Amino acid sequence: MRMKKLLIVATCFLFIGIVVGPALAADTYKVGAVFSVTGRASFLGDPEKKTALMVADEINKAGGINGKKLELIIYDDEGDATKSTLAVKKLINQDKVCAILGPSLSGLSIAVVPIAQQSEIPLVSAAASYKIVTDEKTGKQYKWVFKVPQSDSMAAEAIYSHMKKEGITKIAIITGTTGFGKSGRSELLRLAPQYGITILADESYGPRDTDMTAQLTKIKGVAPQAIVNWSIGPTQVTVLRNYRDLGMTNIVFYQSHGFGSKKNIELAAGAAEGVYTPLGACATPDALPANHPQKKVAVEYNKNYTGKYNEPVSTFGGHAWDALNLVVDALKAVGCDRAKIRDYLENKKGFAGQHGVFNFSANDHNGLVWQDAFNMIVVKNGDWAMAD
Amino acid sequence: MLRIRKLPIIGFALFIIVFPWIAGTIPAIGNYPDLMIFAGIYCLITIGLSLLMGYAGQISLGQAAFYGIGAYVSAILTVHFGLSPWFCMVIGMLIASAVAVLVGVPSLKLRGHYLAMATLAFGIIVFIVFNEEIEWTGGPDGISGIPGLSLFGFEFDTVLKYYYLVWFLVFAAFIFTINVIQSRSGRALRAIHISEAASSAMGVNVSRFKIMVFVYSAILASLAGSLYAHYLNFINPSTFDLFFSIKLLIMIALGGMHEVWGAIVGAFLVTFLSFEWLHFFEEFEVIVYGIILLLVTIFLPHGLVGIPGIVKGWFRR
Amino acid sequence: MEEFSFANQLFQYLITGLTVGSVYAMVAIGFNIIYNVTEIINLAQGEFVMLGGLIMVFLHAVAGLPLILAFPITVILVTLVGMLLDRLAIRPIRQPSVLTLIIATIAASIIIKGTAMFIWGKDPFDLPAFSGRTPINFLGAVIQPQYFWVIGFLIVTVILLTLFFEKTIIGKAMSACADNPDAASLMGINVKWMILLSFSLSAAIGAVAGITVTPISLMEYDRGAMLAIKGFGAVVLGGLGSFPGAILGGLILGTIESFGAGLISSGYKDAFALIVLLAVLFFRPSGLLGSVEISKIKRF
Amino acid sequence: MNETLTEHILEVEEVVMAFGGLMALINLNFQVKKGMIKAIIGPNGAGKTTLFNVITGTFPPTEGAVRFKRQSIERLKAHEIAKLGISRTFQTVELFTNMSVLENVMVGCHTRTRSSFIASGFRLPQVKRKEAQIRSKAMEVLEFIGLTDRSEESADSLPLGDRKILEIGRALATEPELVCLDEPAAGLNETETQAAADLIKRIKEKGITILLVEHDMKVVMDISDEIMVLNYGEKIAEGIPEEIQNNHKVIEAYLGGEEDYA
């Protein structure tokens, strides 16, 4: 009886494996992507997936890459390290892709770095941490790994240098307990002395919390000149609303670059007015001056994305745009040769993407400096505006 | 009489041994041995959980915490202190047992939903510690660069080698657990499930047995956590959150919690469903998963291992 | 900047805690209604709250129905979901052991969550506050008018439920089911109908909680699980089956979180609440107001 | 005094059991002589089962002392008391329904055997040997109670009479010196009742002392050596069956109540 059961189970394995197994396609460039489309980090993966699909579609409609079609294989890791790792391995060993985009989350990107290194495949991460590309032991860049988002330290520097200009020295920070918030918190704490800034209160909240009045009350008690909130998802809006409700609007409010979606201004129901936030170009195409190097790509991306999906662009989608277009450029230039793609990327200069003008080098697999990558934006009349 | 037949176990062992070769010849399932490693790691946890919940009748919704303790102890001691992974594995199991005793002594006096909530709370607290103690645990970004395993110069550095290591341990745990179930201790545990009053009247030290089985399940979970950490070379807290504890519950419920076989079938099924098969449904994945779970709960009260019994019933009619 | 003393801060923590706690308490009451009749802990309870919020957003903010109309329609719709839950997930179970019932509610919550994601997407939604967003200053604390709505609806819910259980025949019949289902069915009470009613009632209460809290904290498809766990904590802290216990448990949890976040460490605030919960259980295994005798006759 | 004649295996002294405000047992005093059958009767709610629970350690008495073979046991846990040699059955038959008849009895052997969790996990030779011993001892018990041919059946599938018998067998497997039987004949038909009564007599013949709660007065009068009557937690009479039958306090307590007091 049990033997029979085992037989059935085994047959199921084979059957489903064969049915669901990917169809073999000839004469295409295969690019793999691992995004957190659902789960705790869907705010990253969802726009990333949509953007990548859109870009691939546009490229194929325009005749593909050197006459070959671009085949994009996207796996959803649901924000889970195990799934992310398995997906990357599958892309390498079974789908045999030319290069990999993602993962969306820093931790998961760090987790797959050794796999990319070992398998010698170019990986362009869509996550922020500098640890993704930098081997902390040697200080060198990992040979096969790149990343397109700005490091969190860049956002912190953008905020702090703006504060310095405004004469702000005493601040409070409030951060989410997710990876995004924790990383921002540690950069804020690390960089504060360099800018002569004192942090009077250091508060945090969970990603599913319904109310942050308690934390803000404590901040109100220490009376800082400015507050920096660093988190993602609906909670950053709740913080803003609680801040307004507590009558703290005389304190300057900075949001992290995670605030970069117009939906957040809407959801804040007026509470976002006057809030500063450092954002990549793609978040604020209309606010950019006409001579801005990224103006063209940002406007186009926004137009196409909104047209296709009927929702505003999220800055995170821009990372997928940058990553995929970089890889496509490489494919155009050198074809599907993993080592050549890597070399191409490492020497890529002056690539105007959604989040800055990228200048990669052997010592910099991110290719960004914060002055280029971030514009200080202020919310004015319910819309983005350049801060200066 | 509860007697576990040997033939299926041998058959299953053979299947496990030859499976990587079968998978190797079919490209579409070439990654299955890799998945089986995780299925095996989950089996270790569910085997312990099956003894705890299915046999002794004690609910635990905090099992992910022990899994996490094993993983984090292994990761922290190897990465920060450079200790031997095997040694760390043992330390992990010791710490997990100590925590299990500490939590178990007061918790296991609770019954039913109260026990469920207490273990759930314990699991969440441990998760918060993993997430907050950045200096040690790396916070949400986790710990990377955890070394792999090697034994006397033999490196478990390929999928195949790790596959056999994990499944060897799964079988060891499986046989051990089956032996326990068929012994005096196993009978005591099953007795506790039905009636604590009658068990103690028969001289069974109820609280001692409950704690023993809780510790045993914690040790297996901790071992699984260490194996996970040394295989993935990376861990972060979200792997060990309360939703994983619920996923474990789902595993043994789907498989059937009144038999150890159920733990294995359930771990298999959930691993493959969530890592591979349900991708097909994309956005609907979650809904399909829920529906499968609901249908099994409604139509197979004893889980998938209950199917043979049902089929037999049809024939008898 | 105006004076903001420590006492003012404490008062603010209290108000915030009571508001958050009121939501937990409403979830906890929902748990209790079902538990008392069926001994099931309905882990899909949090999904009712989520549905309440999102359906209300759809009817009121998107479709433009006036508050006074959208509110009852939302409650009715969520109640229907509650009934469906009983009919499709609970009643068909052939051999209901308590654990299978719990799994069934988990499955149901996964399905409801997945469907909500399909309908509304993953983004959070906002709902206009019922009576504006101009905060009220009271004893140095700042109070959103919506806070009063949350606490107010908790009070109204409690009063209505008390009247229902003590004054109406159906309510009394439900209490009888809770005390002794076998005896109740002997007395001609249709136990199945009572179970359906319990699911409807607790779905309705969940919806009310969702509707009132959304203007404060927004709502998105996956908020349910965490609310269910907080509510479960509240109900266990107060003592399973006890309505005053549920309210007390919810308010205590909310208040500890608020004071913990304000005074000690915001990262560990959830841990404080849970540690208090564990400590209470270790000394009072049946919760603060739960009865040891009753918990012994319950199977689970 | 002659030791052998008056040796008390169990002594209950000034025991009070209060649940909140409810007094279930009030200053109860009595002794049980070794080797006899002592019955405890009384109307429903008189405190009989509570008394069993106190003696077997389900919960400690609020006040007072319980001594078994001169050793104080009122603060011991149930499993410790079982080990000392007191075993029991339950009013609402508490068999292990997830096990076979044989396994139920094997659980009874638990306290007289040792083998650790770890040793059994590795199935060491000594574990195998002990397992065989337990099995043969359990089979002996089954033979004594006459259920040998149903040993492999699920305990759940037995008729009520056999379940009651099996529960007694399970209690005997702990090798007790004192067995507390809580209504062994309740719900049984006449033949089954007779079989239970016979079994109880045979247990007595083995030298095991029996404490019996029973409503069936025919059985009680037939097999008891001594009877104690409880009412509202208090002892209202004690003596040999004939004395009790004619005690007007007892008759009063039962007045209008049980018909089976015939």
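Two chains are in contact when heavy atoms of one lie within 4.5 Å of heavy atoms of the other. In this predicted model, 4 pairs of chains touch by that criterion, and chains B and C make the most contacts among them.

**Stop 1: chains B and C**

Select chains B and C and hide the rest. The contact joins 49 residues of chain C to 42 residues of chain B. Together the two chains bury about 3900 Å², with 81% of that area on carbon and sulfur atoms. Polar links can be displayed next: 4 residue pairs are in polar contact, both partners being at pLDDT 80 or more, while the count of salt bridges between chain C and chain B is 0.

Now colour the side of chain C that touches chain B by element. Helices H3 (67-90), H4 (98-120), H9 (224-238), H11 (269-283) and H12 (292-297) of chain C each give two or more residues to this side. Which of the elements provides the largest share? Select H4(C), which supplies 14 residues. Recolouring the side of chain C by residue class gives 32 nonpolar, 10 polar and 7 charged residues.

**Stop 2: chains D and B**

Keep chain B and bring in chain D. Here 37 residues of chain D are in contact with 31 residues of chain B. The pair buries about 3000 Å², 60% of it on carbon and sulfur atoms. Within chain D, select D:His79, D:His110 and D:Phe117: these residues lose the most area to chain B, together 26% of what the chain D side buries.

How many salt bridges cross the interface of chain D and chain B? The rule finds 2. To view one of them, centre on D:Glu103 and B:Arg190, whose side chains meet at 2.5 Å, N to O. Polar contacts between chain D and chain B number 9 residue pairs, again with both residues at pLDDT 80 or more.

The elements of chain D that give two or more residues to this side are helix H3 (78-84), strand S6 (86-88), helix H4 (101-108), helix H5 (117-122), helix H6 (125-145) and helix H7 (160-172). Among these elements, H5(D) makes the largest contribution, 5 residues. By class, the side of chain D facing chain B comprises 14 nonpolar, 14 polar and 9 charged residues.

**Stop 3: pairs that do not touch**

Show chain A with chain D: the two do not touch, and their nearest C-alpha atoms are 21 Å apart. Chain C and chain D do not touch either, their nearest C-alpha atoms being 10 Å apart.

**Stop 4: the cavities**

Turn on a cavity display. The structure holds 10 cavities of 30 Å³ or more, and the largest has a volume of about 160 Å³. Of its 19 lining residues, A:Thr210, C:Val20, C:Tyr24, C:Glu257 and C:Lys269 lie nearest the centre. Helix H7 (213-222) of chain A, together with helix H1 (6-38), H9 and helix H10 (243-264) of chain C, each give two or more residues to this lining. The lining of the largest cavity divides into 6 nonpolar, 6 polar and 7 charged residues.

Move next to the second largest cavity, with about 110 Å³ of space. Residues of chains A and B line it, including A:Tyr75, A:Asp76, A:Lys83, B:Asn31, B:Phe275 and B:His279. Strand S2 (69-76) and helix H3 (81-93) of chain A each supply at least two lining residues, and H3(A) gives the largest share, 4 residues. By class, this second lining has 5 nonpolar, 2 polar and 5 charged residues.

Technical notes
Residues are numbered from 1 along each chain as its sequence is written. Chains are lettered from A and ligands numbered from 1 in the order in which they are written. This is a predicted model: local features need pLDDT of at least 70, side-chain atom pairs count only at pLDDT 80 or more; totals for chains, interfaces and linings use all residues. Side-chain values use heavy atoms; hydrogens and water are left out. Buried area is the accessible area (1.4 Å probe) that two parts lose on being put together, summed over both. A salt bridge is a side-chain nitrogen of Lys or Arg within 4 Å of a carboxyl oxygen of Asp or Glu. A polar contact is a pair of N or O atoms within 3.5 Å; within protein, one must be able to donate a hydrogen and the other to accept it, and residues adjacent in sequence count only if both atoms are side-chain atoms. Ala, Val, Leu, Ile, Met, Phe, Trp, Tyr, Cys and Pro count as nonpolar, Asp, Glu, Lys and Arg as charged, and the others, Gly among them, as polar. On a 1 Å grid over the protein atoms alone, a cavity is a set of points where a 1.4 Å probe fits but cannot get out, and a pocket is an open set with protein on both sides within 12 Å along at least five of seven lines; lining residues have an atom within 4 Å of a point. Grid points are joined across faces, edges and corners, and a volume is the space filled by probe spheres set on the points.
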